[in-house]
Amino acid sequence: MGAFDVPLDDERTQLEAFVEEYRTTIEATLDSLTEEQARRALVPSATTLLGLLKHVTWMQRVWFEECVGGTPRRELGLVANPDESFRLVEDDTIASVSTAHREACATARTVVADLPLDTVVTGHRAGPRTLRWVYLQVLRELAHHCGHADILREQLLAESRG
């Protein structure tokens, strides 16, 4: 179910539909690419398509497992900051990073399943916020990085045609 399927539904349903749509979209940017293409740096930063998916996986774990769930990122085995979350290691593949992303999304759904949007969560180091705020932040990040991923994919596909 996509965002256009729920225009008159309740706020929670709408937020979840938007988040799910972007989760699917960013993962789909890797469809039919080679491992080399997924890792190729087309900009001066550490941003690659595979690195973007690795980062949004990290980001969702921070917001849902740390902020909402209350488990510190150190205990979750997460890198300390966003810049590190883009960095790929030799073992990272399209399959492994996609699997980690799907697992993070499933965990996120479980963590928030029984919580109202007005629930105040206290696991983030910057202080308390509502679950609604967390959803909006995750949505903002996913939309932002989907735009990056779309442009990178377009560049890669143009290279392979040219």
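Is glycine 147 buried, partly exposed or exposed? In this predicted model, glycine 147 has a relative accessible area of 30%, and because residues between the 20% and 50% limits count as partly exposed, that is the class it receives. Glycine 147 belongs to helix α7, and its C-alpha atom is separated by 19 Å from that of isoleucine 94, a residue 53 positions away along the chain.

From α7 we can turn to helix α3, which has 20 residues and reaches 27 Å from its first C-alpha to its last, close to the 28 Å expected at 1.5 Å a residue. Helix α3 is mostly covered, since 18 of its 20 residues are buried. After the helix comes glycine 70, whose phi is positive, near 85°.

How do α3 and α7 lie relative to each other? Two packed helices are described by the angle between their axes and the distance between the axes. The axes of α3 and α7 come within 9 Å and cross at roughly 175°. Because an angle over 145 degrees counts as roughly antiparallel, α3 is roughly antiparallel to α7. The residues of the contact between α3 and α7 divide into 16 nonpolar, five polar and two charged.

The aromatic side chains add further detail, and a search of the whole structure finds two aromatic pairs. A pair of aromatic rings is described by the distance of the centres and the angle of the planes. In one of the pairs, phenylalanine 64 and tyrosine 135 meet edge-to-face, with 5.9 Å from centre to centre and 70° between the planes. This pair links distant parts of the chain, for phenylalanine 64 is in helix α3 (residues 49-68) and tyrosine 135 is in helix α7 (residues 131-161), 71 residues apart. Both phenylalanine 64 and tyrosine 135 are buried.

Another ring to look at is that of tryptophan 133, where the charged end of arginine 129 sits over the ring, 4.4 Å from its centre.

Finally, the loop between α1 (11-28) and α2 (35-39) contains serine 32. Most residues other than glycine have a negative phi. Serine 32, however, has a phi near 60°, a positive value in a residue other than glycine. Is serine 32 buried or exposed? Its relative accessibility is 71%, and because a value over 50% counts as exposed, serine 32 is placed in that class.

Note on methods:
Residues are numbered from 1 along each chain as its sequence is written. This is a predicted model: local features need pLDDT of at least 70, side-chain atom pairs count only at pLDDT 80 or more; totals for chains, interfaces and linings use all residues. Side-chain values use heavy atoms; hydrogens and water are left out. Rings of Phe, Tyr and Trp (its six-membered ring) pair if their centres lie within 6.5 Å; planes under 30 degrees apart count as stacked, over 60 as edge-to-face and the rest as tilted. Helices (H or I, at least four residues) and strands (E, at least two) are DSSP runs, numbered from the N terminus. Buried means under 20% relative accessible area, exposed over 50%, partly exposed in between (1.4 Å probe, protein chains only). A charge sits over a ring if NZ of Lys or CZ of Arg is within 6 Å of the ring centre and within 35 degrees of the ring normal. Axes are lines fitted to C-alpha atoms, for helices over the stretch in contact, and angles run from 0 to 180 degrees between N-to-C directions. Angles under 35 degrees count as roughly parallel, over 145 as roughly antiparallel, 65 to 115 as roughly perpendicular and the rest as oblique. Ala, Val, Leu, Ile, Met, Phe, Trp, Tyr, Cys and Pro count as nonpolar, Asp, Glu, Lys and Arg as charged, and the others, Gly among them, as polar. The expected span of a helix is 1.5 Å times one less than its number of residues.
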